[in-house]
Amino acid sequence: MGPIINGQTITTTGTVTLTTPIILDNCTDVTFNGGTFDDPNTAPGKAYGGGVGNGRPAFTIISGTNIVLENLRISGVNMGGAYREDLAFNSGIWTDGTVGLTVANVKVAHVFGDCLTLAPLRSDKGSSGIISPVRNLTVNGFRGNACGRQGIAL
């Protein structure tokens with residue numbers, strides 16, 4: 001997709017096959033509107049310590065403010081929605097401490113992890129505590145089907 005810049009609106013009408021995940025790192029006023037995002041990934045994320053890893057979600061939103069995901073479809077390849085420990089963090093949408101996130105009319109299906117994860121932003125790979133929780137969240141018309149872990153994880 002190329003670099004995503006603050007204030008950008010990305011409108012998609014067709015299907016995008018994700019060869020790499022979409023990562024918004026400390027972005028402001030970014031909107032994704034429309035489209036189907038197919039995520040063919042079946043590889044686990046990098047593991048830290050003895051855990052299963054930090055995963056490889058289709059969309060990762062780290063910190064940032066006023067992010068909008070609307071009218072999207074995210075589709076993975078976990079057709080049965082089976083749980084696999086090595087892929088349990090390959091979510092549809094993963095957020096870390098966003099402020100002002102809006103998820104509207106979004107459907108996530110057949111991912112190995114959660115369909116939507118709302119995690120706090122942590123320091124030092126999670127070992128030094130919470131910097132910021134997800135705040136000012138709006139979810140309207142979200143559907144999660146055949147999630148390998150949970151529909152919505154807090």
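## A tour of the chain, stop by stop

Select N66 to begin: this residue sits in strand β7, which covers residues 65-70. The model on the screen is a predicted one. Look at the backbone of N66, where phi is positive, about 55 degrees, although the residue is not a glycine. Is N66 buried, exposed or partly exposed? Its relative accessible area is 41%, and the partly exposed class runs between 20% and 50%, so N66 is partly exposed.

**From N66 to D29**

Next select D29, which belongs to strand β4. Which residues does D29 touch, once neighbours within four places in sequence are left aside? They are N6, G7, Q8, T65 and N66, so the first stop of the tour appears again in this list. Now add V68 to the selection. D29 and V68 are 39 residues apart in sequence, and their C-alpha atoms are 7.8 Å apart in space. D29 itself is partly exposed, with a relative accessible area of 40%.

**G35, in a loop**

Move along to G35, in the loop between β4 (28-33) and β5 (36-38). Is G35 buried or exposed? Its relative accessible area is 11%; buried means under 20%, so G35 is buried. Show its contacts beyond four places in sequence: T12, G14, N71, L72 and R73. Then select I10, which is 25 residues from G35 in sequence, with 9.7 Å between the two C-alpha atoms.

**T42, in another loop**

Select T42, found in the loop between β5 and β6 (59-62). With a relative accessibility of 47%, T42 counts as partly exposed. Not counting residues up to four places away in sequence, T42 touches V77, L87 and F112. How far apart are the C-alpha atoms of T42 and L87? They are separated by 7.4 Å, and the two residues are 45 positions apart along the chain.

**I4 and its contacts**

Go back towards the start of the chain and select I4, in the segment before β1 (9-11). Leaving aside neighbours within four places in sequence, I4 is in contact with I10, I22, I23, L24, C27, V30 and F32. I10 was also used at the G35 stop, as the partner in a C-alpha distance. From the contact list of I4, pick C27, which counts as buried at 7% relative accessibility. Then select A104 for a long separation in sequence: I4 and A104 are 100 residues apart along the chain, and their C-alpha atoms are 20 Å apart in space.

**N105, a second positive phi**

Select N105, in the loop between β10 (99-104) and β11. N105 is not a glycine, yet its phi is positive, about 55 degrees. N66, at the opening stop, also has a phi of about 55 degrees. N105 is partly exposed, with a relative accessible area of 34%.

**The disulfide**

How many disulfides does the structure hold? It holds 1. Select C115 and C147 and show their side chains: these two residues form a disulfide, with their sulfur atoms 2.0 Å apart. C115 lies in the loop between β11 (107-109) and β12 (116-119), while C147 lies in the loop between β16 (143-145) and β17 (152-153), so the bond ties together parts that are 32 residues apart in sequence. Both C115 and C147 are buried. Which hand does the disulfide have? The torsion about the S-S bond is about -95 degrees, so the disulfide is left-handed.

**The whole chain**

To finish, clear the selection and show the whole chain as a cartoon. There are 17 strands and 0 helices. The radius of gyration is 14 Å, close to the 15 Å that the globule rule gives for 154 residues, so the chain is as compact as a globular protein of that length. Along the principal axes, the C-alpha atoms fill a box of roughly 40 × 35 × 30 Å.

Switch to a surface view. The accessible surface comes to about 7400 Å², and 49% of that belongs to carbon and sulfur atoms. Of the 154 residues, 45% count as buried. Contacts can be viewed over the whole chain too: of those with a separation of 6 or more, 69% are between residues 24 or more positions apart. Last, colour the charges. The chain has 10 positive and 10 negative charges, and the mean positions of the two groups are 3 Å apart.

Technical notes:
Residues are numbered from 1 along each chain as its sequence is written. This is a predicted model: local features need pLDDT of at least 70, side-chain atom pairs count only at pLDDT 80 or more; totals for chains, interfaces and linings use all residues. Side-chain values use heavy atoms; hydrogens and water are left out. Helices (H or I, at least four residues) and strands (E, at least two) are DSSP runs, numbered from the N terminus. The radius of gyration is taken over C-alpha atoms; the globule rule is 2.2 Å times the number of residues to the power 0.38. Buried means under 20% relative accessible area, exposed over 50%, partly exposed in between (1.4 Å probe, protein chains only). Contact means heavy atoms within 4.5 Å. Accessible areas come from the Shrake-Rupley method with a 1.4 Å probe; for residues, only the protein chains shown count as cover. Lys and Arg count as positive and Asp and Glu as negative; His and the chain ends are not counted. The place of a charge is taken as NZ of Lys, CZ of Arg, CG of Asp or CD of Glu. A disulfide is a pair of cysteine sulfur atoms within 2.5 Å.
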